[in-house]
Structure formats: C-alpha cells, structure tokens
Amino acid sequence: MAKKSYFRENTLSDIKSLNVSQAYAQRDLVEKIEDLNPSEDALEIRTSLIPGKFRRGNSGNVASRKCYKHGDLIALPQPKGLNECYGLDEVPLDLRMQAFSKLQDRSPEEINFMGYSFQPVFGRNKTKRVVPFVWLAEGARIFSYAENYSKFKQRNPHTQNIEEKMGIKVEAYPDAERVRKEGASVVVDVPSRTEKKSKYKFGLTHVPFIPNNPEHETNYNLATVLSLQPSLLREEELDETPVGRTPHAVYDIQYKFADAREQSQVIRFTPQDIAGYLGIIKNQLVDNHNMTPLMFNPFALPSRHQAEFYKKLCNNVLTFDPTLSSKNKLRKLHLAEKSILLGRAIGHFGHDDFAYWDPTRDGVYKGFDWRVK
C-alpha cells in the first residue's frame, strides 16, 4: 500500500531529474549534503559508505542489513549497577553529551556508528537497548504527523467529558507501589505511515513518571529509563485484534556471520517507539505539568537542523551500488547509510546543534514540515 502523502519521498527518478553533483570520496560528504538546495540539487555518492567487512561477497542490500544489525554502536557512559546510581544527579542527556562529544575528535571517514546503546542496571535481564540514528528523526516525523493529522478521543481526567484531541493517544497505568522504583506502564496509539492502515497500539514499560526525591540518594529515574522496553499487548486487553508492532520490529532478525561481534539478542527501538515516547512527554507536560519523562528521555531528539538534513538524505541523495543489475546502478540510501551520515553530522555540527531539541530555538515538532518541497 502507498505511503500517506505526508511521508512520501522523492523517487529515484525524481532525484535524478535534479541538478546532480557527484562525490567520489568520503571526505566532506556531510558538508556537501548540507549545501544542497532541497528543491533543486542532488548528490550522487560514488564511494561506499558501508565498511568493507560487511560488503565482502554480499550484495549492497545484504551488506547494508548486516551493517544495520551488527555495525558499531556508541556505548553511553552509564552506571554499571544500581548501586552506582546512588548519589548521581545525571540525566540521559548528560550521558549522550559526554558520548557524542568524542565524535568531534574523529575524522568523518572514521565515524561509522549505527547509533548508541545502553543497558539496564537492575533486574536479571540486562538486554542491550539500541537506538539507531536513522529512527530518531523518523520518530519525530511520525510524531509531527500525529500532532497535525491524527485524531483520537479520550476522557478528560478533570471534567470526565470525552474530548477529541490531536496527537498520540496515551494511557498510563502507574502502579503506585512500584512506579517510583520501576516506572510506569504506558499504552500508546501511534499512527501508521501507510494509507488506510490501523494505528499501532503497544506498551512502553519502565517509563519515568515521578520526580526524584531530593532527600533520597537514589536516582531511581535514571535506573528506570535504562530498562525502557516496548511490549505487545494481549488481545484480551484490547477491544479489537491488536496491531502492536511493525513487521520490521517483529521480524528484526539478526543476520549472523562468522566473525560477528554482536551475537546476543538486543532490543532495537523503532521510530514508532520514539514517537510513542514523544507522545508520553507531551501528555505529561500538558495534562499533568510533569517534566519527568522529558528530563529522563533516553532518545537524542533531533533539532530542526537535523530534521532538514534528514529530509535531504531521503529526498536528495543517491548512491552508486555496483551490485545492482540496473544500467546506472544507482539507488536511494539504505537505513545503515543514513545512520552513518547522521552520526558523522553529529560529529561535524556538534551535539547541541544537531542531536538536541531546544523548543525555544527549534519550535515544537508540530511546526516541522517534513514533506517534499
């Protein structure tokens, strides 16, 4: 089925019809993309962005998928256990700033990260959480769409009246006895990017809801959000057959190969997860004047600058792929290639300019225009 018009992008033919320049080296790719006029220009990358270890003997498609699954990640400098959270006053933003600042010390061609990772500090399940760079901007795009075009009905907790609202529907179930230490369980309805497709309804567990007690030593919310996890809902919890996770998330299968370093299972967040968490942030700010989900947000929310750069990756950039059967051997960028370029852009422009949403500087996501011009 076709994408909704809000999410439609330039096709290969559309991009080829623009004023196309070519880049034969890794150097200065970020600057060349930044300088593109989105309505007139395009860039054709004639050098491979995917590291050689993933390309050997593989098609471009398989190499990109292996890179997306097994490529390098930036491990956040987080506490190693619950005891290390005692006395800490750091929030996830501090951890990301520390980690991303090191990208500025590298040359662009050395930056091939798919995203960043963190791990829980309590409980027996220490499964690594992975946040791909490519899904941060896409999650914000889905949230922007919801703010402008997605309606839902919800009971006003103060008046008890049913009201129609725009955005992502959020239903929180904070267990009063456990929410401080383990966070809340929240159900979100996230719109699909596809025409006539039902919304995705799923849960997010370990969501920070209650502000830290300044008289208590433990930074419970930092420990909580490091365990953030999406979850499917049981059919009996819903009024209809659930459409919980995207096919991409359900079939997020590891592509194993002989010398893979990443063999263990991971929880890889999707753009719907990020959009859902943005819905929770807005819900708590507007309805309850609660800043805790925002303060302990685990996602590097994109600035307006990043949104504009991401649109160019989707609509103004092609790459040469010698493994294709087509005559010109050109295609649009894969997820891994977009992630690599976004990581390099963080290194070039800096965390605050590119990987940090400042509402005063950038405005609210509802006002971002992600459509092709």
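**Strand pairing and nonpolar cores**

Arginine 129 stands opposite isoleucine 267, a residue of strand 12, and this pair offers a way into the predicted model. Strand 5, which covers residues 128-132, runs parallel to strand 12 and is joined to it by three bridges. The two strands belong to an open sheet of four strands, whose order is 3-4-5-12 and whose pairing is mixed. Strand 3 (73-75) and strand 12 (266-268) each have a single partner strand and stand at the edges, so one side of each is left without a neighbour in the sheet. On average, and with direction ignored, neighbouring strands of this sheet are turned by 30 degrees against each other.

Helix 6, made of residues 133-149, lies across strand 3, strand 4 (115-118) and strand 5, and runs at about 65 degrees to strand 5.

The nonpolar residues can be followed from here. In soluble globular proteins, nonpolar side chains tend to be buried together. In this model the largest nonpolar core has 87 residues, and those with the most contacts inside it are Phe100, Tyr116, Phe133 and Phe299. Helix 6 supplies the largest share of this core, 10 residues. If residues up to four places away in sequence are not counted, phenylalanine 299 touches Arg96, Tyr116, Val131, Leu136, Leu228, Phe269, Ile274 and Tyr277. Apart from this core lies another one, of five residues, which include Ile15, Leu18, Leu318 and Leu330.

Leu318 also leads to a further set of paired strands, since leucine 318 in strand 13 is the bridge partner of glutamate 44. Strand 13 (residues 317-320) runs parallel to strand 2, and three bridges join them. Strand 2 is likewise parallel to strand 1 (residues 19-23), to which five bridges join it, with asparagine 19 standing opposite aspartate 41 of strand 2. Between these strands the chain passes through helix 2 (residues 29-34), and strand 1, helix 2 and strand 2 together make a right-handed β-α-β unit.

How strand 2 is enclosed can be read from its residues. Five of the five residues of strand 2 (residues 41-45) are buried, so this strand is largely enclosed by the rest of the structure. In a regular strand the side chains alternate between the two faces of the sheet. For strand 2, Asp41, Leu43 and Ile45 lie on one side and Ala42 and Glu44 on the other, and as all of them are buried, both faces of the strand are covered. Glu44, whose bridge partner is leucine 318, is thus among the buried residues of strand 2.

Terms used. Residues numbered from 1 in each chain as written. Predicted model: local features only at pLDDT ≥ 70, side-chain atom pairs only at ≥ 80, totals over all residues. Heavy atoms only, no water. Pairing = 2+ DSSP bridges. Axes fitted to C-alpha atoms, helices over the stretch in contact; angles between N-to-C directions. Contact = heavy atoms within 4.5 Å. Buried < 20%, exposed > 50% of the residue type's maximum accessible area, 1.4 Å probe, protein only. Right-handed = clockwise from strand over helix to strand, strands pointing away. Core = buried A, V, L, I, M, F, W, Y, C linked by side-chain atoms within 4.5 Å.
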